[in-house]
Amino acid sequence: TSINLLEIITMPTDMDSKYIGKFHGMVLAVCSYAVSVYEPFIQKEDEEKKADATKTREAILSLYHPTFTPLEDDNNKEEESVIQIAKQTLSYCQTHANTPSQLRTLLSTAPNEAIQIMLLWSCNAFAGGYLYNTCSRINHSCNPNAIVVPSSGDTQIIQAVADTIQPNEEITLSYIGIFTYADGYTRRSRLYDTKHFICGCSRCTEEEDVASFLPCPSCHPRIMGQRYLEEDVQYDDNDDVHYAAPILRGEEKETTSTPSTFQLEQVKCTSCNEVTNGGTVLKLSQKAVDKITTHLLLKHITTKTALSSNTTTNKKQQEEESKEKSTIDAELEDNLQQMAISILGCKHWCANLLLLSMLERSVASFHSLLLLKSSSSSGNKDEDDGLDMTDIAEAIDSLQRLWTFTSNLKLHLHPSHLLCDVTIGVARTLVSLGDVKSQKYGADWVEKVERYVQLFQNDDDGGNGGMMIKVVDAIKNSWKRNDDDDDQKEGKTKEEHARKRLKTG
């Protein structure tokens, strides 16, 4: 029978609820290790199987993990919390493991090895909980020069994204996913909580953190009790707003301070050079950032849980629950986006990542309407497809803002790494409008991601990369086909007129 462990694992009451994802991951990791590695390692019947398991075990245990026996000063403060979580998880497993079972065998004969597995999983696992002998050893950077390409099977694909990687230069990845596009405070906090170190890369210690830009409190005084920005400042449509960047204190440039000490206490305007200290504006901004960060984290956890949940409910009930949840999530994100824009401005990372989420919903809605139109039996091309031109215009505006935001970060990662899917989605919507002008506009957008798709979307991993390349090519050339069709129609019309003249003559 198919059992979803996440549904039967109960988090210990004495563990902080913010560690629920880490706790679940540690339980799953130690269970998988007990079954697939430790049991064949200790058995004596199959020597070949034992040899393979021994090799795998040695490779896994050689990955980095905090020391824990005994817990002494050689551990950093950020590692002490995860060691405590691992020990609590071990106690939970010892209480709830079946007897007899492969897990019970591991816990009774090698409890320290079980803790070691939990710790190295926490430090080295990729999305989905996977460990790799080589890729799990690649270091982090908030401005990585390589990415993980989604793949199936036992091999993880790493591809370079920077054109200037020199021989012997270190290959780096980002460990924090979507938060790679966040500010330094948030990036360091995520790394501290999930990978147990303080990042000291050049991006984390740079003077101007573009992702955290706020409209200058001096140049653009807030209204309504020093809380909100004027509307023309919020959206900066004329590109004339002056922005301020957080000032890093001396200790924040080091890798010894915990992110809990990093607060938005001072900002300096990049135009007037005025320094703003504390006050209502910065306190409110920090609260907004924390609230939006929490939302994005919960959304990520909820998505992973939903993907791995046991599908025992009927399909109709699932669809109804999903629709209701989507409506609630959409309303929540709309409110958070308005808060972000009115407090942080349109260039702040919070506003842009929320804008991306909203754009993804819009593109999905456009796609659904187009599918309904294509599946209708009427066959009438002039039939209303339900697309709202105002919604399409807003989607284009959002996409342009997102491209500007990601380009201004000046990362090695091309903006397409974040925006490829929504760009193609908007371009397909434009092409579906049918007129040559819209199709040319769609082609212009898709050209932005064409090279990225050719480089990183491929069928080597058994995925749908080849299909994506065909989609991009079809969008790029749609207006040409339409133009050719119009020329053919015009030619046929002229030919018919000529025949009529001959007949009447």
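Me: Leaving aside its neighbours within four places in sequence, which residues is Gln 102 in contact with?

Reply: The model is predicted: a pLDDT of at least 70 is needed for local features and 80 or more for side-chain atom pairs, while totals for chains, interfaces and linings use all residues. Numbering starts from 1 along each chain as its sequence is written, and side-chain values rest on heavy atoms, without hydrogens or water. Contact means heavy atoms within 4.5 Å. With neighbours within four places in sequence set aside, the contacts of Gln 102 are Ala 34, Val 35 and Glu 39.

Me: How far apart are the C-alpha atoms of Gln 102 and Val 35?

Reply: Gln 102 belongs to helix 5 (residues 102-109); helices (H or I, at least four residues) and strands (E, at least two) are DSSP runs numbered from the N terminus. Along the chain, Gln 102 and Val 35 are 67 residues apart. The separation of their C-alpha atoms is nevertheless 5.7 Å.

Me: Is Gln 102 buried, partly exposed or exposed?

Reply: A residue is buried under 20% relative accessible area, exposed over 50%, and partly exposed in between (1.4 Å probe, protein chains only). The relative accessibility of Gln 102 is 30%. Gln 102 therefore counts as partly exposed.

Me: What share of the 505 residues of the protein count as buried?

Reply: The secondary structure comprises 15 helices and eight strands. Among contacts between residues at least 6 apart in sequence, 66% join residues at least 24 apart. Of the 505 residues, the share that count as buried is 43%.

Me: Which side chain of opposite charge is nearest to Arg 190?

Reply: Arg 190, in helix 7 (residues 184-194), is buried yet has no salt bridge. A salt bridge requires a side-chain nitrogen of Lys or Arg within 4 Å of a carboxyl oxygen of Asp or Glu; Lys and Arg count as positive and Asp and Glu as negative, with His and the chain ends not counted. Beyond its neighbours within four places in sequence, Arg 190 is in contact with Ile 176, Phe 179, Lys 195 and Leu 297. At 4.3 Å, the nearest side chain of opposite charge is that of Asp 193.

Me: How many residues apart are Lys 347 and Asp 239, whose side chains meet in a salt bridge?

Reply: The N to O distance in this salt bridge is 3.7 Å. Lys 347 lies in the loop between helix 10 (315-344) and helix 11 (349-375), and Asp 239 in the loop between helix 8 (231-235) and strand 6 (243-246). The pair links distant parts of the chain, and its separation in residues is 108.

Me: Which residue does Glu 333 meet in a salt bridge at 3.1 Å, N to O?

Reply: Glu 333 lies in helix 10 and its partner in helix 9 (residues 279-308), so the pair ties together parts that are 34 residues apart in sequence. Glu 333 is buried, at a relative accessible area of 2%, whereas the partner is partly exposed at 32%. Both take part in a network of salt bridges that also includes Asp 334 and Arg 361. The side chain that meets Glu 333 at 3.1 Å is that of Lys 299.

Me: Why are Asp 397 and Arg 401 separated by about one helical turn?

Reply: The closest N and O atoms in the salt bridge of Asp 397 and Arg 401 are 3.1 Å apart. Both residues belong to helix 12 (residues 389-408). They are separated by about one helical turn because their spacing in that helix is four residues.

Me: Which residue follows Thr 99 across a cis peptide bond?

Reply: Most peptide bonds are trans. The bond that starts from Thr 99 is cis, with omega near -5 degrees. The residue on its other side is placed in the loop between helix 4 (77-96) and helix 5. This residue is Pro 100.

Me: Is Asp 236 buried or exposed?

Reply: Most residues other than glycine have a negative phi. Asp 236 has a positive phi, near 50 degrees, and is placed in the loop between helix 8 and strand 6. Because its relative accessibility is 7%, Asp 236 counts as buried.

Me: Is Asn 168 buried or exposed?

Reply: Asn 168 also has a positive phi, about 75 degrees, although it is not a glycine. Its place is the loop between strand 3 (157-160) and strand 4 (172-173). Because its relative accessibility is 84%, Asn 168 counts as exposed.
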